[in-house]
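Me: I would like a close look at one part of this model. Please start with the whole chain, then work inward.

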Amino acid sequence: MENRRRFLRFETEDFLEIRPLNEVARYTKGKSFNLSLMGICFFSEIEWEVGQVLLIDYFIPQELDSVKLKVVVVWSEFIDSNKGYITGAQIIDIEEDKENKFVNYYFQKLKEKFF
């Protein structure tokens, strides 16, 4: 099977707030499983539908605030009653004025792994 990933994925356990694009008042908490510059996998108590667009507030541990990501769901499957669903999503937009924070976080993970 061909590996279509262009960027390394790093395991993380960062706090997320997830909401559907058209329902900004309704959100759920989640936890990241892994991330790359192009995608994110996360745990959530909600099953998200393939093609659904979500807004994620990604809380970077060293920062005092979050970076907003817009993602499209690629897949979602139930794991168990404790973890809920694991969802894979492609990042389609990153909050413009905080894009560098997210990219720097990714490169920090890269350094931790290889240096």
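In the protein chain, among contacts between residues at least 6 apart in sequence, what percentage join residues at least 24 apart? After that, please concentrate on helix H1: which of its residues are buried, which are exposed, and what covers the buried ones?

Reply: The model is predicted, so every value below is computed from predicted coordinates. The answer to your opening question is 53%: that share of the contacts between residues at least 6 apart joins residues at least 24 apart.

Now the frame around the helix. The protein chain has one helix and seven strands. Along the sequence the pattern reads β-β-β-β-β-β-β-α. The radius of gyration is 14 Å, close to the 13 Å that the globule rule gives for 115 residues, so the chain is as compact as a globular protein of that length. Its C-alpha atoms fill a box of roughly 35 × 35 × 25 Å along the principal axes. Of the 115 residues, 41% are buried. The accessible surface comes to about 7,500 Å². Carbon and sulfur atoms account for 49% of that surface.

Next, the helix itself. H1 covers residues 99-114, which makes 16 residues. From its first C-alpha to its last it reaches 23 Å. That is close to the 22 Å expected at 1.5 Å a residue. Phe102, Tyr105, Tyr106 and Lys109 are its buried residues. Seen down the helix axis, the buried residues fall within an arc of 95°, so they line one face of H1. Asn100, Asn104 and Lys111 are exposed on the other side. Glu112 also has its place in H1. Its relative accessible area is 49%. The exposed class begins over 50%, so Glu112 counts as partly exposed. Measured in sequence steps, Glu112 and Gly51 are 61 residues apart. In space, 33 Å separates their C-alpha atoms.

What covers the buried face? The cover includes strands S1 (10-11), S3 (28-35), S5 (53-59), S6 (66-80) and S7 (84-94). A loop residue also touches H1 residues. Ile60 sits in the loop between S5 and S6. At 4% relative accessibility, Ile60 counts as buried. Its contacts, leaving aside neighbours within four places in sequence, are Asp65, Val67, Lys101, Phe102 and Tyr105. Among these, Phe102 and Tyr105 are buried residues of H1. Ile60 can also be placed relative to Glu13: the two are 47 residues apart in sequence and 10 Å apart in space, C-alpha to C-alpha.

Aromatic rings come next. The whole structure holds seven aromatic pairs. In one of them, the rings of Phe78 and Tyr85 have their centres 5.2 Å apart and their planes at 70°, so the pair is edge-to-face. Phe78 is partly exposed, at 49% relative accessibility. Tyr85 is buried, at 18%. Phe10, Tyr106 and Phe107 form one aromatic cluster. Tyr106 is also one of the buried residues of H1.

Two strand residues complete the picture. Val71 lies in strand S6. At 0% relative accessibility, Val71 counts as buried. Val71 is 31 residues from Phe102 in sequence, and their C-alpha atoms are 14 Å apart. Apart from neighbours within four places in sequence, the contacts of Val71 are Ile40, Gln52, Val53, Leu54, Ile56, Ala89, Gln90, Ile91 and Ile92. No residue of H1 is in that list. Leu55 is found in strand S5. With a relative accessible area of 23%, Leu55 is partly exposed. Leu55 and Val72 are 17 residues apart in sequence, with 9.0 Å between their C-alpha atoms.

To return to H1: Phe102, Tyr105, Tyr106 and Lys109 are buried, whereas Asn100, Asn104 and Lys111 are exposed on the other side. Strands S1, S3, S5, S6 and S7 are among what covers the buried residues.

Key:
Residues are numbered from 1 along each chain as its sequence is written. This is a predicted model: local features need pLDDT of at least 70, side-chain atom pairs count only at pLDDT 80 or more; totals for chains, interfaces and linings use all residues. Side-chain values use heavy atoms; hydrogens and water are left out. Helices (H or I, at least four residues) and strands (E, at least two) are DSSP runs, numbered from the N terminus. The expected span of a helix is 1.5 Å times one less than its number of residues. Buried means under 20% relative accessible area, exposed over 50%, partly exposed in between (1.4 Å probe, protein chains only). The arc is that of the directions from the helix axis to the C-beta atoms. Contact means heavy atoms within 4.5 Å. Rings of Phe, Tyr and Trp (its six-membered ring) pair if their centres lie within 6.5 Å; planes under 30 degrees apart count as stacked, over 60 as edge-to-face and the rest as tilted. The radius of gyration is taken over C-alpha atoms; the globule rule is 2.2 Å times the number of residues to the power 0.38. Accessible areas come from the Shrake-Rupley method with a 1.4 Å probe; for residues, only the protein chains shown count as cover.
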